[in-house]
Amino acid sequence: MLLLTDRLKEGHRLRQIMDAVEPCTLVGPGQSAPASAEHGLIVCDAALDDPAALAALQAVLAHHRVDPGVPVLCLARSDGPDAMAQAEAIEATAVLPRDASDAQILFTAKQMVGAGRAAPRRPALPPAAVASAREAAAAFGDMFEAARRGRPIAPASLEQGAGAVMAGVGGGRIGAWLDVVRSYDDVTYQHCLLVAGLAAGFAARLGVTVKGQRLIAQAALVHDIGKAAIPHAVLNKAGPLSPSEAEVMRTHPQVGYDMLVRQGGFDPQLLDIVRHHHEYVDGSGYPDALGGEKVSPLTRLVTICDIYAALIERRPYKAPKPPRDALAALVAMGGKLDAGLLRSFHGLVGAG
């Protein structure tokens, strides 16, 4: 493994973490090391917001990345879309948020080394899907940050994000969208973009009008907007939540709904999805324990996408489920989900 850093003291600490995965070579400021095809992973821990620093790191990477298939993990110094843009500039395979714990870094490094060794080299991600996902992520980042600061969500950001999602999954390109978005390691960004892409693609497959697809994409983008008010330690915990933490997390549908109602101007169907995307048709969901026809068809659609996305995501404490296993888990939920919609959903994501 190779660790490239611009802060030597922190680099030595990170190298000790990486050594638990496999022997790690550290290259700090002004240092050099011979290129090698033996690296199973390259970890970049450097500030990339300065063009000169970015160009320097790109040059170092070009020297060391003898095999273009070697995965690159970027440890972000910025938040949200800025971090993603910088990671894409160095063609990183994955990016971890700047507050990632040592356990999260170690888990991700292990996963990436294992994937790089065991799997054939993956083809490059489609540029169009990358561009659409980047635009959607930037719009989502603006909305989430506004909500976190107690400010109104800009309608233009919601419109831009939904348009980017629809462009990204249009023409049945849902597989490319999933591949691109799952390269993001910020849990909230990854999840909301996955749900939005799945929901928009599913709506299109069902023959929903373009206007309806746009509404569903918008609702899916902000379905978890209430998480902006969840304490950071709970929202980004690198492990399963305790019962008390889970109870706090369960408040996010109501919090998000109240937030949007106070702002005003949102479609009632969008508000319904935000409040009720954790409701089940058998009445066992929350926050209102709705059941049967009280759970709207659009909410049922987004709920299926929401659960499936959570199952196929990589988290610090769990590996992603393959599509076949994720679909089986949905089926195993029995009467909680709309059976007809679930059958149609199989056709969208397959069972590969």
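**Notebook: salt bridges, rings, a helix and a cavity**

I looked up Arg214, and its relative accessibility of 26% makes it partly exposed, since the buried class ends at 20% and the exposed class begins over 50%. The model I am reading is a predicted one.

**Entry: the partner of Arg214**

I then asked which side chain Arg214 meets in a salt bridge. The partner is Glu159, with 3.2 Å from N to O. I placed both ends: Glu159 is in helix α6 and Arg214 is in helix α9 (residues 210-221), so this salt bridge ties together parts of the chain that are 55 residues apart in sequence. Glu159 has a relative accessible area of 38%, and I noted it as partly exposed. Arg214, as above, is partly exposed too.

**Entry: other salt bridges**

I took the total next, and the count comes to 15 salt bridges. I looked at one within a helix, between Arg13 and Glu10, where the closest N and O atoms are 2.8 Å apart. These two residues sit three places apart in helix α1 (residues 8-18), so about one helical turn separates them. I checked why that spacing suits a pair: an α-helix has 3.6 residues a turn, so residues three or four places apart point the same way. For accessibility, I have Arg13 at 32%, partly exposed, and Glu10 at 22%, also partly exposed.

I added the pair Arg149 and Glu145, with 2.6 Å between the closest N and O atoms. Glu145 is partly exposed at 28% relative accessibility. I also found a network of salt bridges that links Asp6, Arg7, Asp45 and Arg77.

**Entry: aromatic pairs**

How many aromatic pairs are there? I count four. One of them joins Phe202 and Phe345, whose ring centres are 5.3 Å apart with 65 degrees between the planes, an edge-to-face arrangement. This pair links distant parts of the chain, with Phe202 in helix α8 and Phe345 in helix α16, 143 residues apart. I checked both for burial: Phe202 is buried at 0% relative accessibility, and Phe345 is buried at 0% as well.

Phe345 also pairs with Tyr308: the ring centres are 5.1 Å apart and the planes stand at 75 degrees, so I have this pair down as edge-to-face. Here too distant parts of the chain are linked, Tyr308 being in helix α14 and Phe345 in helix α16, 37 residues apart. Tyr308 is buried, with a relative accessible area of 2%. Elsewhere I noted a cluster in which ring pairs link Phe140, Phe144 and Tyr189.

**Entry: helix α7**

I asked why helix α7 (residues 174-181) is largely enclosed by the rest of the structure. Six of its eight residues are buried, so the surroundings enclose most of it. The buried ones are Ile174, Ala176, Trp177, Leu178, Val180 and Val181. I then looked for what covers them, and the list includes α5 (127-148), α6 (155-169), α8 (187-205), α14 (297-312) and α16 (339-349). Two of these helices came up in the ring entry, where Phe202 of α8 pairs with Phe345 of α16.

**Entry: cavities**

I found two cavities of 30 Å³ or more. I examined the second largest, which has a volume of about 40 Å³. Its lining consists of Glu279, Tyr280, Val281, Val295, Arg300, Thr303, Ile304, Lys336, Leu337 and Asp338. Sorted by character, the lining divides into five nonpolar residues, one polar and four charged.

**Entry: backbone checks**

I went through the backbone for unusual angles, bearing in mind that most residues other than glycine have a negative phi and most peptide bonds are trans. The bond between Tyr286 and Pro287 is cis, with omega about 10 degrees. Pro287 lies in the loop between α13 (268-276) and α14.

Ala289 is in the loop between α13 and α14. Its phi is near 50 degrees, a positive value in a residue other than glycine. I have Ala289 as partly exposed, at 48% relative accessible area.

Glu91 has a positive phi too, near 55 degrees. I located Glu91 in the loop between α3 (80-89) and β5 (94-96). Is Glu91 buried or exposed? Its relative accessible area is 58%, so I noted Glu91 as exposed.

Conventions:
Residues are numbered from 1 along each chain as its sequence is written. This is a predicted model: local features need pLDDT of at least 70, side-chain atom pairs count only at pLDDT 80 or more; totals for chains, interfaces and linings use all residues. Side-chain values use heavy atoms; hydrogens and water are left out. Buried means under 20% relative accessible area, exposed over 50%, partly exposed in between (1.4 Å probe, protein chains only). Helices (H or I, at least four residues) and strands (E, at least two) are DSSP runs, numbered from the N terminus. Contact means heavy atoms within 4.5 Å. On a 1 Å grid over the protein atoms alone, a cavity is a set of points where a 1.4 Å probe fits but cannot get out, and a pocket is an open set with protein on both sides within 12 Å along at least five of seven lines; lining residues have an atom within 4 Å of a point. Grid points are joined across faces, edges and corners, and a volume is the space filled by probe spheres set on the points. Ala, Val, Leu, Ile, Met, Phe, Trp, Tyr, Cys and Pro count as nonpolar, Asp, Glu, Lys and Arg as charged, and the others, Gly among them, as polar. A salt bridge is a side-chain nitrogen of Lys or Arg within 4 Å of a carboxyl oxygen of Asp or Glu. Rings of Phe, Tyr and Trp (its six-membered ring) pair if their centres lie within 6.5 Å; planes under 30 degrees apart count as stacked, over 60 as edge-to-face and the rest as tilted.
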